[in-house]
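Trainee: Please take me closely through one part of this model, and follow it outward to whatever it joins.

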Amino acid sequence: MSVIAIYSPKGGVGKSTIAVDLAWRCAVAGGHETLLWDLDPQGGSSWLLGHEPDERMRAAGVFQRDGRPQALIEPTEFPRLSLLAADDSLRQLPLQLARLGQRRRLQTLTQFMARDYPRIVLDCPPMQNEVSDQVIAAADVLIVPLPPSPLSARALDLLRRDLTREHPRHPPILPVLSMYDSRRSFHRIAREGPMAPFPTIPYSSGIEQIAFRRAPLGTFAPYCEAARALDRLWRAIEAKLADMGVG
Ligand SMILES: Nc1ncnc2c1ncn2[C@@H]1O[C@H](COP(=O)(O)OP(=O)(O)O)[C@@H](O)[C@H]1O
Ligand SMILES: [Mg+2]
């Protein structure tokens, strides 16, 4: 079993887009029962997978002592892919987790659910708080999308510094260069630096369409350059998990 977290302290870097695509590939191409758990109150990945908001606001209740995540998990239209959707109640989650006083509550829940879901993909809120601390404790690997900019390189350095200080046994980080546009000279310059070895997802109109169609790229443009890049990313993550012995 593996828990793959798509994490960045920044918003708008491609987390939800990558989370949905990766979960879809784990399920459809990888053949694993897969759970996409949307932990961001903005609910980007829930929305991309066609989920409609539920007035009952139960997403954060899953974390309570008597919470039952299974009751909230819903199937998607894709084989083997299930969703634990976000809602506004997650805004209170950092406070709720702090009150609960269980630093590894998310890890306990993912370990429990791993019996049914050998792949769990966490779409994380763009914060550094109690939720991200719990994500770091629960994840086997942290996928960090970085748009090509010196600010991203700096954000990655800061993240590495914080993880080393506060989570010395943190999971491996897999940085991903996201939204890369080879026509832009500053993107090319950014990629020539320390970001050169990272897997790269191009800036693409196909990926933009995901949000209009509310469907993974592979379902409507499986052979475009961006779909092939996302496929390579999925394969690189699977290879990493296999190396780590958690695949
Ligand atoms: N590689 C890409 N090419 C084009 N648009 C992208 C790409 N990745 C993300 N986007 C768009 O950028 C916006 C932010 O992406 P999103 O996945 O919601 O980021 P986050 O979850 O980090 O906030 C969305 O409108 C999405 O469609
Ligand atoms: Mg998002």
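Mentor: Two strands count as paired when DSSP finds at least two bridges between them, and the elements themselves are DSSP runs numbered from the N terminus, helices (H or I) having at least four residues and strands (E) at least two. This is a predicted model, in which local features need pLDDT of at least 70 and side-chain atom pairs count only at pLDDT 80 or more, while totals for chains, interfaces and linings use all residues. Residues are numbered from 1 along each chain as its sequence is written, with chains lettered from A and ligands numbered from 1 in the order in which they are written.

The part I would choose is strand E6, which covers residues 141-146. Five of its six residues are buried (20 or more other C-beta atoms within 10 Å of their own, the C-beta atoms being placed from the backbone), so strand E6 is largely enclosed by the rest of the structure. Strand E1 (residues 2-6) runs parallel to E6 and is joined to it by three bridges, and in this pairing Ile6 stands opposite Ile143. E6 also pairs with E7, again in the parallel sense, here over five bridges, and the bridge partner of Ile143 in E7 is Leu174. Between E6 and E7 the chain passes through helix H7 (residues 150-166), and this β-α-β crossover is right-handed, that is, with the strands pointing away from the viewer, the path from the first strand over the helix to the second runs clockwise.

From Ile6 we can move on to Leu122, which touches Ile6 as well as Val3, Ala5, Trp37, Leu39, Val135 and Ala139, leaving out residues up to four places away in sequence (contact means C-beta atoms, placed from the backbone, within 7 Å). Leu122, together with Ala5, Ala23, Leu36, Val121 and Val135, has the most contacts inside the largest nonpolar core, a set of 66 residues (buried Ala, Val, Leu, Ile, Met, Phe, Trp, Tyr and Cys joined through C-beta atoms within 7 Å). Helix H1 supplies the largest share of this core, eight residues.

On the side of E7, the path leads to ligand 1, which has 16 residues around it, with Gly14, Lys15, Ser16, Thr17 and Ile207 coming nearest (a residue is near if its C-beta atom, placed from the backbone, lies within 6 Å). Strand E7 (173-180), helix H1 (15-28) and helix H9 (205-213) are the elements that each give two or more residues to this shell.

Conventions: Buried ≥ 20, exposed ≤ 12 C-beta atoms within 10 Å, placed from the backbone. Contact = placed C-beta atoms within 7 Å.
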